[in-house]
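Please open the structure in your viewer and keep the selection tool at hand. We will go from stop to stop, choosing something to select and then looking at what is there.

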Amino acid sequence: MVDMRVRIGEIELKNPVMPGSGTMGEGLARVMDLNRIGAIVTKTITPDKREGCVPPRMVEYKDGSLMAIGIPCKGPDHYIEEILPHYRAYATPVVCSVSAPTVEAFGQLAAKLSVPGVSVIEANISCPNLEQDGKAFGMDAEASARVVRRIKESTDRPVWAKLTPNVTDIAAIAQAVEAAGADAITCANGMLGMAVDVENFQPALGNITGGMTGPCMRPIILRMAWQVARAVKIPIIGSGGMATARDALEYLMVGCSAVQIGTINFVRPTAMLEVIDGVEAFCRRKGLRAARELTGAMVPRREFKEQQVA
Ligand SMILES: Cc1cc2nc3c(=O)[nH]c(=O)nc-3n(C[C@H](O)[C@H](O)[C@H](O)COP(=O)(O)O)c2cc1C
């Protein structure tokens, strides 16, 4: 019997597998028992109602998707009254993802959503900072830290900072949010990309640029998770391109304590269950008693020397 429990700061999860924000809804309960997954993660909630980006919102590739959805949202009251009651029926912690245009609004939103049934606040800092230059909070170490500090002041729930990969030095951002009090780091959101509809001489996305996600992103985000793991002591939740248990094992071995499964949920809605069962089977095969033994279990090759690879 493999002990699948993992600890993310003060929260214990029954296993290390959960959905990425925005990739599950209440309807998932029709295809799986939500008691089986490590956590329920909500779509990002914003302070005000939002329509989201103008269409087209998605371009599909063989092994990934480029998307500019723009976080359509019905606001926090809708979430508290209409969505959360569905999730309270399960003994699975709920991670509430939040995003806001200012540091102060992040704090107020986190306070408002710290209601019974919400176990964790995940700060989606990939959104534009409207007090500064409109670049994502997560692109700037100080702005990322300010968001985390403000949320920590306004809630007694653990705070996970979900980083953007659209930076040159993700380890520096990770260290800044750790110093600001983040309880864990989610690494990472979609990577900025674009596509052109050449027949019509137009950008393929209504928003022109969007976030690239899915299996094609895995080597890049995995590399970032490894860099973050070497830079901080707080737990890391990997998020980027996982489709199978083998993919999740990579993230755990480079130092993640848990994983978020995203795009592939739309292709195979029971993918998370396959990942949970596959990680358990791997532990059994390798004689590991607990899934947490996988965290950071990758052994460097003997000839490894720190070097820049072009
Ligand atoms: C359709 C869709 C909607 C998403 N919505 C959100 C969101 O609201 N908030 C957020 O932080 N991330 C959002 N994401 C990003 C995912 O949570 C995840 O971090 C990202 O897709 C990388 O994982 P993947 O490669 O397994 O998809 C969304 C991704 C997809 C595909």
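How many aromatic pairs does the structure hold? There is one aromatic pair, and since this is a predicted model, please read every value on this tour as computed from it.

**Stop 1: the aromatic pair**

Select phenylalanine 106 and phenylalanine 137 and show their side chains. A pair of aromatic rings is described by the distance of the centres and the angle of the planes. Here the ring centres of phenylalanine 106 and phenylalanine 137 are 5.4 Å apart and the planes stand at 85°, so the pair is edge-to-face. Now colour by secondary structure: phenylalanine 106 belongs to helix 2 (residues 103-113), while phenylalanine 137 sits in the loop between strand 8 (120-124) and helix 3 (141-154). The two are 31 residues apart, and the pair links distant parts of the chain. Phenylalanine 106 and phenylalanine 137 are both buried.

**Stop 2: a side chain in that loop**

Stay in the loop between strand 8 and helix 3 and select asparagine 129. Is asparagine 129 buried or exposed? Its relative accessibility is 3%, so asparagine 129 counts as buried. Follow the side chain of asparagine 129 to the backbone nitrogen of glutamate 131, which it reaches at 3.1 Å.

**Stop 3: the ligand**

Next, select the ligand and the residues around it. The ligand is surrounded by 21 residues, and the closest are Ser21, Thr44, Ser239, Gly241 and Thr263. Sorted by class, this shell has 14 polar, five nonpolar and two charged residues.

Three distances deserve a label in your viewer:

- Glycine 241: one of its polar backbone atoms is 2.6 Å from an oxygen atom of the ligand.
- Glycine 262: a backbone N or O atom lies 3.1 Å from an oxygen atom of the ligand.
- Asparagine 124: an N or O atom in the side chain is 3.1 Å from an oxygen atom of the ligand.

On its own the ligand has 600 Å² of accessible area, and the protein covers 93% of that.

**Stop 4: the cysteines**

Now show the cysteine sulfurs. How many disulfides does the structure hold? The number of disulfides is zero. Select cysteine 73 to see why: the closest cysteine sulfur, in cysteine 96, is 9.6 Å from the sulfur of cysteine 73, which is too far for a bond. Cysteine 73 is also buried, at a relative accessible area of 10%. Then move to cysteine 256, which is in no disulfide either; the nearest cysteine sulfur belongs to cysteine 187 and is 6.8 Å away. Cysteine 256 is buried, with a relative accessible area of 0%.

**Stop 5: two cis peptide bonds**

Cysteine 187 takes us to the backbone. Most residues other than glycine have a negative phi, and most peptide bonds are trans. The bond joining cysteine 187 and alanine 188 is a cis peptide bond, with omega about 10°. Alanine 188 is in the loop between strand 10 (184-187) and strand 11 (191-194).

Which residues should you select for another cis bond? Choose proline 55 and proline 56: the peptide bond from the former to the latter is cis, with omega near -5°. You will find proline 56 in the loop between strand 4 (40-41) and strand 5 (58-61).

**Stop 6: two isoleucines with positive phi**

Select isoleucine 71, in the loop between strand 6 (64-67) and helix 1 (76-87). Its phi is near 50°, a positive value in a residue other than glycine. Isoleucine 71 is buried, with a relative accessible area of 17%.

Go on to isoleucine 208, in the loop between strand 13 (202-203) and strand 14 (209-213). Here phi is near 70°, again a positive value in a residue other than glycine. Isoleucine 208 is partly exposed, with a relative accessible area of 41%.

**Stop 7: across the model**

Finish with two C-alpha distances. Select valine 118, in the loop between helix 2 and strand 8, where it is buried at 4% relative accessible area. From valine 118 to isoleucine 221 is 28 Å between C-alpha atoms, with their positions 103 residues apart along the chain.

Last, select proline 300, in the segment after helix 8 (271-286). Proline 300 is exposed, with a relative accessible area of 56%. Measured in sequence it is 254 residues from threonine 46, and their C-alpha atoms are 42 Å apart in space.

Note on methods:
Residues are numbered from 1 along each chain as its sequence is written. This is a predicted model: local features need pLDDT of at least 70, side-chain atom pairs count only at pLDDT 80 or more; totals for chains, interfaces and linings use all residues. Side-chain values use heavy atoms; hydrogens and water are left out. A residue is near a molecule or strand if one of its heavy atoms lies within 4 Å of it. A polar contact is a pair of N or O atoms within 3.5 Å; within protein, one must be able to donate a hydrogen and the other to accept it, and residues adjacent in sequence count only if both atoms are side-chain atoms. Accessible areas come from the Shrake-Rupley method with a 1.4 Å probe; for residues, only the protein chains shown count as cover. Ala, Val, Leu, Ile, Met, Phe, Trp, Tyr, Cys and Pro count as nonpolar, Asp, Glu, Lys and Arg as charged, and the others, Gly among them, as polar. A disulfide is a pair of cysteine sulfur atoms within 2.5 Å. Buried means under 20% relative accessible area, exposed over 50%, partly exposed in between (1.4 Å probe, protein chains only). Rings of Phe, Tyr and Trp (its six-membered ring) pair if their centres lie within 6.5 Å; planes under 30 degrees apart count as stacked, over 60 as edge-to-face and the rest as tilted. Helices (H or I, at least four residues) and strands (E, at least two) are DSSP runs, numbered from the N terminus.
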